Amino acid sequence: MKVLITDEISQEGLQPLLDDPRIEIDIRLGLAPEELHRIIGRFDAIITRSGTTVDSALLEHGRNLKIVARAGVGIDNVDIDVASSRGIIVVNAPYGNVNSAAEHTMAVMLSLCRNVPVANSSLKQGQWQRAPFTGYELKDKILGIIGLGKVGGRVALRAKAFEMSVMACDPYISPKRAEDLGTKLVSLDDIVRYADVITLHCPRNAETIDMLDARHFEAMKDGVIVINCARGEIVNEAAMLAALQSGKVRGAAFDVFSEEPPRSEMVKQLIAHPRMVVTPHLGANTFEAQKNVAVDVSNEIVRYLDGKPLESAVNIPKFDADLMQVMQPFLSLIQQMGEFIVQLAPANPSKVTFTYNGKLARYDCSPLTVCGLAALLNRSTEQEINMVNSQLIAEQMGISVETVCSTDAESFSNLVTISLTTPAGKRTVAGTIFEGIPKIVKMRDFSTDFQPEEHMLVISYADKPGLIGKIGTILGEAGINIGSMNLGRRAKAGEAMVVLSVDTPAATEVLDRLATNIEAAFIRSIHMENVLSNN
């Protein structure tokens, strides 16, 4: 795999890539867009920070790109929708710099409250003044945290150590999690109304742009302090400047801005305001954080090469980390089931239904669905289909995707079923995990019990004496060794179905001879490419 690095990345953090003989690294810093577009087609992966814009034009030129790795939390500079439509995985490093960002938040908060920057500048200019720099303590102040995620949660713990009273607003956090962090969940309006210090720790998206605007500033306490070490556009900067100029806001500390570097006169005025403490996006700029994020994205690329689930892919549904070990075998199972059923089903599917029974149904099974869908569709188009774009491709192909979950289970504690509906009929397979091994336990209404193998034959016929022997003889004469056999039937002398694993694939003339000699109602040779990669 060829990996292009376009921004400054910790060399120490790249060690997982440097240690892997499968990976070739090319570091090209400061490339003009035209030059980047010219060379990107040679690479399978790109690692960036905030200095490279991975937009639709770059992705169009990256015809071999499989993964975009952003060595940091924010992905504002990556066009996720275009990447997803092209089946390109986007990963980030959501944990590597959280401690750094939390500490920087406390640093600028304390610097602002104790007038450290202006006092430092005054003393260095030869002045000895104390009265102008009288500050404020954090003890007993009310801190309002907007966004109680990985960074916000750490800020809450540190603020409690300063004996602050902490409240938080976050629609995605449970009350129990807030309680564990020593805070309580309130509305955004309550934060605005009651907090002495407001700090923001949320991503930039359609929901959060201008999260604090002129209306909110008007409702704040007189003398409030505002901290933003998250993303520039989540605070309306014009409203922020007006609130500082009016004296409504005592002071503010910003590490991020809507323009980086600043270009407009308004942003420059905000930065220059005497009651602003500012830093040039240093929240993640520690040696430890830079190493951590580089290690995180490097490990993701290695996991991709190893065919393992990615922990930080932003455009792939994924399980909670605590569930990954339990669910990993089911990802392998449903991938094999999808690849198996599509080779049995008639053409032109109109609908695919994924059904989860038993304990599995208690969890979000969407990662299983997109994995199975990708395996099912990969044989139907020249475009590479994976967990990123499988649902989009299914929609474009006019295939309806349905998911059904039920905790009810009959014979198995967990059962996964895929049903394909086509103009010529319906095909159904069901599988489970038995002692860690993927097993297919049902085909149509036949009970089965077999492990998918690389080469298989599926044959249905009218059950008559001697037919199994004929099958063995014909395969033997063709030099094809049978590895295992699973036979299912509804009743004596009724329809039977046999699934054979064979050491080598059966040629068309062998299949024709089998079909003729046993009067097969259905015969199909199956080639399971992903069985080898998963074993």
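How many bridges link strand 6 and strand 7, and in which sense do they pair? In this predicted model, strand 6 (residues 142-146) and strand 7 (residues 165-169) run parallel and share five bridges. One of the pairings puts Leu143 opposite Val166 in strand 7.

Those two strands belong to an open sheet of seven, ordered 8-7-6-9-10-11-12, with parallel pairing. Strand 8 (184-185) and strand 12 (276-278) sit at the edges with a single partner strand each, so one side of each has no neighbour in the sheet.

Now for the helices. Helix 5 (residues 98-113) lies across strand 6, strand 9 (197-200), strand 10 (224-228), strand 11 (249-254) and strand 12, at about 150° to strand 10. Helix 11 (residues 237-246) also packs on the sheet, touching strand 10, strand 11 and strand 12, and its direction makes about 140° with that of strand 11.

Next, some backbone oddities. Most residues other than glycine have a negative phi, and most peptide bonds are trans. Two non-glycine residues with positive phi are worth a look:

| Residue | Phi | Loop | Relative accessibility |
|---|---|---|---|
| Asp210 | about 60° | strand 9 to helix 10 (214-219) | 34%, partly exposed |
| Glu435 | near 55° | strand 16 (425-434) to strand 17 (437-443) | 71%, exposed |

There's a cis peptide bond too, from Glu260 to Pro261, with omega near 0°. Pro261 sits in the loop between strand 11 and helix 12 (265-272).

Finally, check out Glu339 in helix 14 (residues 324-342). Its relative accessibility is 2%, so Glu339 counts as buried. A polar atom of the Glu339 side chain lies 2.7 Å from the backbone nitrogen of Glu529.

Terms used
Residues numbered from 1 in each chain as written. Predicted model: local features only at pLDDT ≥ 70, side-chain atom pairs only at ≥ 80, totals over all residues. Heavy atoms only, no water. Pairing = 2+ DSSP bridges. Helix = DSSP H or I, 4+ residues; strand = E, 2+ residues; numbered from the N terminus. Contact = heavy atoms within 4.5 Å. Axes fitted to C-alpha atoms, helices over the stretch in contact; angles between N-to-C directions. Buried < 20%, exposed > 50% of the residue type's maximum accessible area, 1.4 Å probe, protein only. Polar contact = N/O pair within 3.5 Å; in protein donor to acceptor, adjacent residues only side chain to side chain.
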